[in-house]
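Colleague: I'd like to go through this model with you before I look at it on my own. Can you take my questions one by one?

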Amino acid sequence: VIYEYEKKAEKLSDTGKQKLLGEARNYNSKLRSGGVLPGDSFGGGEEETSAYREYQKLQDVSGDGILCYLEIPSIEVFLPVFHGTSEHVLEQGAGHLFGSSLPVGGAGTHAVIAAHTGIATRMFFTDLDQMEKGDIFILHILGKHLAYKVDQIKTVLPDETSDLDIIEGEDHVTLITCTPYGVNTHRLLVRGVRTK
């Protein structure tokens, strides 16, 4: 899936790439005052709204719902990142939390990316709990590579979303999964801040 995304991204003209990135940045600027949507990041159900349907068109290179792909070297993760966090999406890879910033970077953004832990045939975020402060993860978007250094690791209840809020002037991405393994009563948040 990642290989196909890369091929399609390479075929896009520079103008086409700039158009997609510009639309995503415009979307992010509208979010700055509102933060993320309340509730559980694994809730789904958002697919019925017109706002969600519009969101699905953004940053979609090939019409298959892939926003970018995620690389976490320390735990050997390479995952496509799709729009939304429905069960269908989370069976295929990672999902971008609707209502958080689109993952294109920039001051005043906070993208949230969720994936499952403990699926028998797929690792996804099973080893996310092994990450440490200072670890790096990378988002690959339309030929660009955005690196984030882990600066905060927290365990919270599903409805505790304040750590996903946008912080003015800062560029964050938070990786989120269910914890503890097999129990899933809480959410593990691994936040990164943009770095070179």
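Modeller: Sure, and one term up front: buried means under 20% relative accessible area, exposed means over 50%, and partly exposed is in between (1.4 Å probe, protein chains only). Also, this is a predicted model, where local features need pLDDT of at least 70 and side-chain atom pairs count only at pLDDT 80 or more, while totals for chains, interfaces and linings use all residues. Residues are numbered from 1 along each chain as its sequence is written, and side-chain values use heavy atoms, with hydrogens and water left out.

Colleague: Which elements does the protein chain hold, and in what order do they run from the N terminus?

Modeller: Helices (H or I, at least four residues) and strands (E, at least two) are DSSP runs, numbered from the N terminus. On that basis the chain has 4 helices and 8 strands. Read from the N terminus, the order is α-α-α-β-β-α-β-β-β-β-β-β.

Colleague: What radius of gyration does the chain have, and what does the globule rule give?

Modeller: The radius is taken over C-alpha atoms, and the rule is 2.2 Å times the number of residues to the power 0.38. For 196 residues the rule gives 16 Å and the chain is close to that, so it is as compact as a globular protein of that length; its own radius of gyration is 15 Å.

Colleague: What share of the 196 residues is buried?

Modeller: Strand 1 is a good place to look, since 7 of its 7 residues are buried. Over the 196 residues of the chain, the buried share is 52%.

Colleague: What do the 8 strands form, and in what order do they run?

Modeller: Strands count as paired if DSSP finds at least two bridges between them. The pairing is mixed, and the 8 strands make a closed barrel. Neighbouring strands are turned by 30 degrees against each other on average, direction ignored. Going round the closed barrel, the order is 1-2-3-4-7-8-6-5.

Colleague: Which strands does helix 1 touch?

Modeller: Contact here is heavy atoms within 4.5 Å, and axes are lines fitted to C-alpha atoms, for helices over the stretch in contact, with angles from 0 to 180 degrees between N-to-C directions. Helix 1 (residues 2–11) packs on the sheet, and its direction makes about 120 degrees with that of strand 1. The strands it touches are strand 1 (66–72), strand 2 (77–83) and strand 5 (136–141).

Colleague: Which residue in strand 2 is the bridge partner of Cys68?

Modeller: Strand 1 and strand 2 run antiparallel, joined by 6 bridges. They form a hairpin with 4 residues between the strands, where Glu76 takes a positive phi near 55 degrees. The bridge partner of Cys68 is Val81.

Colleague: And which residue in strand 5 is the bridge partner of Tyr69?

Modeller: Strand 1 also runs antiparallel to strand 5, with 3 bridges joining them. For Tyr69, the partner in strand 5 is His140.

Colleague: Which residue in strand 8 is the bridge partner of Val173?

Modeller: Strand 7 (residues 171–179) pairs with strand 8 in the antiparallel sense over 8 bridges. The two form a hairpin with 6 residues between them, and Gly182 in the turn has a positive phi of about 85 degrees. In strand 8, Val173 is partnered by Gly192.

Colleague: With which residue does Asp151 form a salt bridge?

Modeller: A salt bridge is a side-chain nitrogen of Lys or Arg within 4 Å of a carboxyl oxygen of Asp or Glu. Strand 6 and strand 8 pair in the antiparallel sense over 9 bridges. Asp151, in strand 6 (residues 144–156), is partly exposed at 28% relative accessibility. Its salt-bridge partner, with the closest N and O atoms 2.9 Å apart, is Arg191.

Colleague: Is Arg191 buried or exposed?

Modeller: Arg191 lies in strand 8 (residues 186–195), so the pair with Asp151 ties together parts that are 40 residues apart in sequence. The relative accessible area of Arg191 is 12%, which means it is buried.

Colleague: How far apart are N and O in the salt bridge of Glu4 and Lys7?

Modeller: The two are 3 residues apart in helix 1, so they are separated by about one helical turn. Glu4 is partly exposed at 35% relative accessibility, and Lys7 is partly exposed at 32%. From N to O, their salt bridge comes to 3.6 Å.

Colleague: How many salt bridges does the structure hold?

Modeller: Another one joins Glu23 and Lys19 (2.7 Å, N to O), which both lie in helix 2 (residues 14–31), 4 residues apart. For the structure, the number of salt bridges is 6.
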